[in-house]
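Thanks for coming. I have one structure to show today, and I will put it on the screen before I say anything about it.

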Amino acid sequence: MTDPSHGAATDVGRRETNQDYFIVQPPLYAVADGMGGHRAGDVASRTAVEVISEKIRDQHEALAEAVREANRAVHDKAGSDPKLRDMGTTMTAVILQDGRAQLVHVGDSRAYLFRAGELERLTEDHSVVGRMVREGRISAEEADQHPQRSVLEKALGVEAELDVDSHTVGTEPGDRILLCSDGLTNVLADEEIQAILADEPNPEKAAKRLVGEAIKGGANDNVTTVVVNLPGEPVPATARPLKKRRKGRVIAAAVLVAVLALLVGGRAVLVAPWWVGEDRGNVVIFKGVEGSFAGVKFVRVVERSEVEVATLPEAVADDIKEGIPAEDRMDAEQIVRNFKRQFGDSA
Ligand code: MN
């Protein structure tokens, strides 16, 4: 059996540094996109790919366990240096062997399968808008256009323990796998990616051309691609083209969840990364983590209360839905305690 052939490309885009990393170490391939102020995002993604690369090469560990170890390594580093606090990274990793693709994934980088001329997404985005898609509140096309699409719900290195998506899909001879950071998919629609892969069989040229098109398309983020061609004759294309994405579609305000409304509302979150808001009907404490570029890259619920927003007086509920900024965690906890005291029965 011949080994798969592969290609990879990365470009800094309009940022100062490139915090994307990739692994091309057959049968292991991965893409990581770091986040965190200053250079912390770079440390996070680099540490993660180093740990995974080594664990798979030397210990032949299961991929999910290697990713969990990378999580602990990044988390420990973040705890050891105030400059690295809250750093994290996405991780989309795949092992391609024995007719299978084993995927382990966290964050909003993506894996795609290209077969018979058609592109199929293999991963779900762990982002706030990704959840809205899974809940049927917006379409995948709307999510790809959403101004807050890069706000993550989950990232490697942020928490001590990480719950990763892990699944296996069967592969066919001639299949192609694409891994990419969000710098690609923020600019190119799935049908554009599909068209480029259909037109360029060489994996190295395809990887470069995808990055080049994203840069031409105005990518302001780092852009990274890994393209792997599995050995064998590809299944002939029988594809009907994907339906064209409607450009510039305005997303109805009604679909915005409270946390997004707050983020869209301005830079309050950057100034006050702690706030009290609503998540799935309950009063919760949120924390935002600053991304490597302007804006919040990651948002998480750090504490969930039993207080149901629907049981609160309307004016209070409105404030919570909009988000109440807090000085720090203690301040946020105090705000929640006050709600419990004032509206005790609902707590
Ligand atoms: Mn990115």
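I will go through the fold, the metal site, the cavities, and then a few backbone details.

A word on the source: this is a predicted model. The chain has 347 residues, and 51% of them count as buried. There are 11 helices and 15 strands. Taking contacts between residues at least 6 apart in sequence, 69% join residues at least 24 apart.

Now the metal. The model contains a manganese ion whose protein donors are Asp33, Asp182 and Asp221, each through an OD atom, at 2.1 to 2.2 Å. Along the chain, the spacing of these donors reads D-x148-D-x38-D. Aspartate 33 sits in strand β3, residues 28–35, while aspartate 182 sits in helix α5, residues 182–185, so this pair ties together parts that are 149 residues apart in sequence. How buried are the two? Aspartate 33 has a relative accessible area of 3%, and for aspartate 182 the value is 3%. With the limit for buried set at under 20%, aspartate 33 counts as buried, and aspartate 182 is buried too.

Next, the cavities. How many of 30 Å³ or more does the structure hold? The count is 2.

The largest cavity has a volume of about 70 Å³. Its lining consists of Asp108, Arg110, Asp125, Asp144, Arg149, Ser150, Asp182, Thr185 and Asn186. Sorted by class, that lining has 6 charged residues, 3 polar ones and no nonpolar ones. Note that Asp182 appears in this list, and that Asp182 is also one of the manganese donors.

The second largest cavity holds about 30 Å³ of space. The residues around this second cavity are Val283, Val284, Ile285, Glu303, Arg304, Ser305 and Val336. Which strands supply at least two residues each to this lining? They are β13, residues 282–290, and β14, residues 296–308. Here the classes come out as 4 nonpolar, 1 polar and 2 charged.

Let me stay with one residue of that lining, serine 305. Serine 305 belongs to strand β14 and is buried, at 8% relative accessibility. What does the side chain of serine 305 reach? A polar atom of this side chain lies 2.7 Å from the backbone oxygen of valine 283. The side chain of serine 305 also reaches the backbone nitrogen of valine 307, at 3.2 Å. Leaving aside residues up to four places away in sequence, serine 305 touches Asn282, Val283, Val336 and Lys340. Val283 and Val336 come up again as residues lining the second largest cavity.

Now two pairs of positions that are separated along the chain. Glutamate 141 is in helix α4, residues 140–145, and is partly exposed, with a relative accessible area of 35%. Aspartate 190 is 49 residues away from glutamate 141 along the chain, and their C-alpha atoms are separated by 9.4 Å. The other pair starts from glycine 37, in the loop between β3 and α1, where α1 covers residues 40–58. Glycine 37 is partly exposed, at 26% relative accessible area. From glycine 37 to arginine 85 the chain distance is 48 residues, and the C-alpha separation is 8.8 Å.

Last, the backbone. Proline 26 and proline 27 are joined by a cis peptide bond, with omega at about 5°. Proline 27 is in the loop between β2, residues 20–25, and β3. As noted earlier, β3 is the strand that carries aspartate 33.

Two residues that are not glycine have a positive phi. Aspartate 98 has a phi of about 55°, in the loop between β5, residues 91–97, and β6, residues 100–106. Alanine 116 has a phi of about 50°, in the loop between β7, residues 110–115, and β8, residues 118–121. Are these residues buried or exposed? Aspartate 98 is exposed, at 65% relative accessibility, whereas alanine 116 is buried, with a relative accessible area of 16%.

To go back to the metal site once more: the manganese donors are Asp33, Asp182 and Asp221, and Asp182 also lines the largest cavity. That is what I have, and I will take questions now.

Key
Residues are numbered from 1 along each chain as its sequence is written. This is a predicted model: local features need pLDDT of at least 70, side-chain atom pairs count only at pLDDT 80 or more; totals for chains, interfaces and linings use all residues. Side-chain values use heavy atoms; hydrogens and water are left out. On a 1 Å grid over the protein atoms alone, a cavity is a set of points where a 1.4 Å probe fits but cannot get out, and a pocket is an open set with protein on both sides within 12 Å along at least five of seven lines; lining residues have an atom within 4 Å of a point. Grid points are joined across faces, edges and corners, and a volume is the space filled by probe spheres set on the points. Ala, Val, Leu, Ile, Met, Phe, Trp, Tyr, Cys and Pro count as nonpolar, Asp, Glu, Lys and Arg as charged, and the others, Gly among them, as polar. Helices (H or I, at least four residues) and strands (E, at least two) are DSSP runs, numbered from the N terminus. Donors are N, O and S atoms within 2.8 Å of the metal (3.2 Å for Na, K and Ca); water is not among the atoms, so sites may look incomplete. Buried means under 20% relative accessible area, exposed over 50%, partly exposed in between (1.4 Å probe, protein chains only). A polar contact is a pair of N or O atoms within 3.5 Å; within protein, one must be able to donate a hydrogen and the other to accept it, and residues adjacent in sequence count only if both atoms are side-chain atoms. Contact means heavy atoms within 4.5 Å.
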